[in-house]
Amino acid sequence: SAIFNFQSLLTVILLLICTCAYIRSLAPSLLDKNKSGLLGIFWKCARIGERKSPYVAVCCVVMAFSILFVQ
């Protein structure tokens, strides 16, 4: 049901990016061996989380503010 609600979709994407970046910081070999294919999505999310971390952090704060105080 997160597909039909834009805010829920953004929340799921942000959580996926943050989770993949965290897992890669703990166990890099787990995501690095799957750089292509369906599991390559997780590697790409981890790279986005690492390279764009200030932007991802700002988006997480804005999303948290939106969920807590706007809804």
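So, C45: leaving aside residues up to four places away in sequence, C45 touches L16, I17 and C20. Keep in mind that this is a predicted model.

Where does C45 sit? It belongs to helix α3, residues 40-51, and it's buried there, along with G40, W43, A46 and G49. Those buried residues of α3 pack against three other helices: α1 (6-26), α2 (28-32) and α4 (53-70). As for the helix itself, α3 has 12 residues and reaches 16 Å from its first C-alpha to its last, close to the 16 Å expected at 1.5 Å a residue.

Okay, next, the core. Which residues make up the largest nonpolar core? There are 8: L14, I17, C20, L31, C45, A46, V56 and M63. You'll recognise C45 in that set, and also I17 and C20, two of the residues that C45 touches. Helices α1, α3 and α4 each put in at least two residues, and the largest share, 3 residues, comes from α1.

Last thing, the aromatics. How many aromatic pairs turn up in a search of the whole structure? Just 1. That's F65 with F69, and the pair is tilted, at 5.0 Å centre to centre with 50° between the planes. Why about one helical turn between them? Because F65 and F69 are 4 residues apart in helix α4. In general, an α-helix has 3.6 residues a turn, so residues three or four places apart point the same way. And is F69 buried or exposed? F69 counts as exposed, because its relative accessibility is 58%, and the cut-off for exposed is over 50%.

Notes
Residues are numbered from 1 along each chain as its sequence is written. This is a predicted model: local features need pLDDT of at least 70, side-chain atom pairs count only at pLDDT 80 or more; totals for chains, interfaces and linings use all residues. Side-chain values use heavy atoms; hydrogens and water are left out. The expected span of a helix is 1.5 Å times one less than its number of residues. Buried means under 20% relative accessible area, exposed over 50%, partly exposed in between (1.4 Å probe, protein chains only). Contact means heavy atoms within 4.5 Å. Rings of Phe, Tyr and Trp (its six-membered ring) pair if their centres lie within 6.5 Å; planes under 30 degrees apart count as stacked, over 60 as edge-to-face and the rest as tilted. A nonpolar core is a set of buried Ala, Val, Leu, Ile, Met, Phe, Trp, Tyr and Cys residues joined through side-chain atoms within 4.5 Å.
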